[in-house]
Amino acid sequence: MLMVKTWCTALLLGAGIGAAAEEKPNILLLVAEDLSPRLGAYGDDIARTPHLDKLAASGIRFTHAFTTAGVCAPSRAALITGQHQISFGGQHMRTSTSPLGMYLAQPDQQVRAFPEILRAHGYYTFTDRKLDYQFSGIRAGSGPFTLWDEENAEDTAWRNRAHGQPFFGLINFMETHESGVMRPDGPPNSATHAATQKMRAAISSQVQSVTAPQAVKLPPYWPDLPSVRQDLARHYDNIHHMDKRVGQILAALEGDGLSGNTIVIWTTDHGDGLPRSKRELYDSGTRVPLLVSRPGTAPGVDHRLLSFVDFAPTLLSWAGIQPPDWLHGLVFTNQDVKRQYIYASRDRIDEVVDRQRSVRDKRFRYIRSWHPEVPGGHVLAYRDNLDMVRAWRALRQQGKLNSIQSRWFEGAGENQLYDLQTDPYETHNLATDPAHSRTLLRLRKALETFIARVGDTSSTPEAELRDQFLDQGSLRQTPPPLISDLPGGLLKIVSPIGASIGFRHGQSPWQLYTRPIPAAALEAKSIRYGWAESETVFYDPK
């Protein structure tokens, strides 16, 4: 409880009162779905990404940025909190649609998502339709109401802020999602494929066919099949379409005269939405492009290891806010900060139970599996809508794959070790090679130290974890806030458990409570992440 009080006190003292809003930079975080570094700026001569290439030329291009998971919801949970998802029960793909029944992850009580901290310090915060934080559902309106001034917002929602107010916006790009690789027409492979075709129709009709299937380059673990080339070409077409939208957003920012005081970050939520990439802990699943354009900073290339947990402390630092000590990440604009290792996790993937942990340095990656019998190429209802997966598996069943192409369909094994310098596609497991025994031991020890430091809630089976989070099968409800009068015509609103509090007058938008406010008729409610909202309480000075 002491930590909660300390955090709340810090908010009250620093809720944007002392610093002039115009001194704070605007921050725009652009997050594409399901995409590895397939940009011209990263040396990909197939990609047509002129707007992102221009952004890269004006900013910093990071070459070794990594997500904490190879799939969206766990990765986004770490991004938004600045904590590894395994530390608070956010590691299974997806809590809100768990095969065991819906539940929500629960960060420690003092944890706040960094957009809420920015909002508490005077920022106008907005996002679009996609949430997916593991203590929310997938879509807007399903998460803590205290993070955002505006959800389900347009790309240019910065125009809705108060005059002179700094903004933070998080915009997602569905254009590159795995669903866009699934064949958009013709006979569907399943009912979910048919639903996907219908859902993607509007986007698919706008995508230009600019990539020749015969021109794409295949990694050695994929067989050279027409469906593989066609799906990859479609992925490149979607990337091109996403790049156009990025260009429109940057043009709007420029047109509104905001480019000179806006930090623009563009990245992706994990690797390609393709088999043996998405959901995996290899570089193909966790290494992502990261471009940062920060006014006043010279362009360049940065080769340091970066993790998604570094976003929260870095963005808060840019806003002049001291990052809380419970964050797991580092401020990556501090050039003295150099990571030796980055970490990632894989747990239940939709209907398939798994548990893997990974540690990577600049050269080697080690993966430990608690379910060594589970292959990456297991049957998975949603992913198997991809034509290339079905064709690849058919060749496996016919015995027509070579050893590298077959490996994905074999059990992961307890230990995997790869030398990224000599084996960038991670196809040759060195875990049993005596020449690399010291490296294996070093990385295994680093992983054990990491798990001991941040905790790992997967040591508890998901069914038991869910029971711990719920109250007799239902979300626990946040207790309502308490409203009291203060001298000088002010109101104080507190949560009995230190939860986040919102208030509003009449039907106006909910505001984040951070300090005493003038006494007036209002309603208030609170939310503890992973619980249901409290009941609304009312105050009338009459």
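User: Why is Tyr425 called partly exposed in this predicted model?

Analyst: In this predicted model, Tyr425 has a relative accessible area of 40%. Buried requires under 20% and exposed over 50%, so Tyr425 counts as partly exposed.

User: What makes Tyr221 and Tyr425 an edge-to-face pair?

Analyst: Their rings are 6.2 Å apart, centre to centre, with 75° between the planes. Pairing needs centres within 6.5 Å, and an angle over 60 degrees counts as edge-to-face; the two tyrosines therefore meet both conditions.

User: Which parts of the chain does the pair of Tyr221 and Tyr425 tie together?

Analyst: Tyr221 belongs to the loop between helix H6 (201-204) and helix H7 (226-255), and Tyr425 to the loop between strand E11 (415-419) and helix H12 (437-454), so parts 204 residues apart in sequence are tied together.

User: Why is Tyr221 called buried?

Analyst: The relative accessible area of Tyr221 is 6%. Since the term applies under 20%, Tyr221 is buried.

User: The search of the whole structure finds 21 aromatic pairs; why is the pair of Trp148 and Phe168 called stacked?

Analyst: The ring centres of Trp148 and Phe168 are 6.0 Å apart and the planes stand at 15°. Stacking requires planes under 30 degrees apart, so the pair is stacked.

User: How do you know that Trp148 and Phe168 are buried?

Analyst: Trp148 has a relative accessible area of 4% and Phe168 one of 0%. Both values fall under 20%, so both residues are buried.

User: What makes Arg368 a charge over the ring of Trp370?

Analyst: The charged end of Arg368 sits over that ring, 4.0 Å from its centre; the distance limit is within 6 Å.

Methods
Residues numbered from 1 in each chain as written. Predicted model: local features only at pLDDT ≥ 70, side-chain atom pairs only at ≥ 80, totals over all residues. Heavy atoms only, no water. Buried < 20%, exposed > 50% of the residue type's maximum accessible area, 1.4 Å probe, protein only. Helix = DSSP H or I, 4+ residues; strand = E, 2+ residues; numbered from the N terminus. Lys NZ or Arg CZ within 6 Å of the ring centre and 35° of its normal.
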